[in-house]
Amino acid sequence: MNRRQLLRHTAWFGAAVGLSVVGGEVLSHVAGSGSSAPAAQPTLRFAQVSDSHIGFTGAANTDVAGSFTHAIDTVNNLGYTPDFVIHTGDLTHLATPEQFDQVRQMMTGLRTPHVFTVPGEHDSADDAGAKYRKTFGAGTRGDGWYSFDIAGVHVIALVNTLNLKKLGHLGVDQLEFVEKDVASLSSDTPIVVFSHIPLFAMYPDWGWGPTMPRRP
């Protein structure tokens, strides 16, 4: 990763990101940054939030609930209603039922027809995501992955945080799900994929990147 790519991605940290699908391409701008939204009429508009870490107490952020409230307010003031909002993991810090309930209630304040989630490692560290799925797993498959279609765009939500020694690992079952899921799509269908750990080698030394299983 070069310096320009690093700056592009670090600009997302701790922010709400507005995204649009225009002509089959996903375009992003950091909400509240002054960067311009796409000028062309988008097929789909959605927003991403992440790493709310509800329940964290420490000097790094002494008010995580306040920070997440600010992110929600930012999404609600994008200037349009996103078709959906997705939280891409680490909703909680310690994966307690109380923390999951708190973040679920907070996200009811998002002005959007649909709210989706995927887990981060903090949401599944002690039970392989069981408590996460009890709160957010309705309609998902396997360890919590799923897909849906909206406004002509196919969206896939993946789980790659259950193996703490191999963060980014997808596993054979999940890869087979993806293979079958996209098999019937036309070649010009836009596809958007979400996961907590990046699906590219952002920083492998920290586990920020995918690991692919060997098939028999």
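This section describes the fold of one chain and several of its local features.

The model is predicted. The chain holds five helices and eight strands. Read from the N terminus, its elements follow the order α-β-β-β-α-β-α-β-α-β-β-α-β. Of its 216 residues, 43% are buried. Among contacts with a separation of 6 or more, 69% link residues 24 or more positions apart. The exposed area of the chain is about 11600 Å². Carbon and sulfur atoms contribute 51% of that area.

Strand β3 spans residues 44-49. The strand is mostly covered, with five of its six residues buried. Strand β3 pairs with two others, β1 and β4. Strand β1, residues 17-22, runs antiparallel to β3, and five bridges join the two. Strand β4, residues 84-87, runs parallel to β3, and here the bridges number four. Gln48 of β3 takes part in both pairings: Val17 stands opposite Gln48, and Gln48 stands opposite Ile86 in β4. Between β3 and β4 the chain passes through helix α2, residues 64-76. This β-α-β crossover is right-handed.

The loop between β4 and α3 contains two residues with unusual backbone angles, Asp90 and Ala95. Most residues other than glycine have a negative phi. Asp90 departs from this pattern, with a positive phi near 55°. Ala95, also not a glycine, has a positive phi of about 60°. Are these residues buried or exposed? Asp90 has a relative accessibility of 2%, so it counts as buried. For Ala95 the relative accessibility is 1%, so Ala95 counts as buried too. The cut-off for the buried class is under 20%.

Helix α3, residues 97-107, follows that loop. Its buried residues include Gln99, Phe100, Val103, Met106 and Met107. Viewed down the axis of α3, the buried residues fall within an arc of 130°, and therefore they line one face of the helix. The face turned away from this buried side carries Pro97 and Glu98, both exposed. Which elements cover the buried residues of α3? The cover includes two helices, α2 and α4 (130-136), and two strands, β4 and β5 (115-117). Helix α2 thus appears in two settings: as the link between β3 and β4, and as part of the cover over α3. Strand β4 likewise pairs with β3 and helps to cover the buried residues of α3.

Further along the chain, Val182 lies in helix α5, residues 172-182. Val182 has a relative accessibility of 28%, so this residue counts as partly exposed. That class lies between the buried limit of 20% and the exposed limit of 50%. Which residues does Val182 contact, leaving aside its neighbours within four places in sequence? The partners are Ile156 and Ile191. The C-alpha atom of Val182 is also separated by 8.6 Å from that of His154. Val182 and His154 are 28 residues apart along the chain.

How values were computed
Residues numbered from 1 in each chain as written. Predicted model: local features only at pLDDT ≥ 70, side-chain atom pairs only at ≥ 80, totals over all residues. Heavy atoms only, no water. Buried < 20%, exposed > 50% of the residue type's maximum accessible area, 1.4 Å probe, protein only. Pairing = 2+ DSSP bridges. Right-handed = clockwise from strand over helix to strand, strands pointing away. Contact = heavy atoms within 4.5 Å. Areas by Shrake-Rupley, 256 points an atom, 1.4 Å probe, with all protein chains shown as cover. Arc of directions from axis to C-beta.
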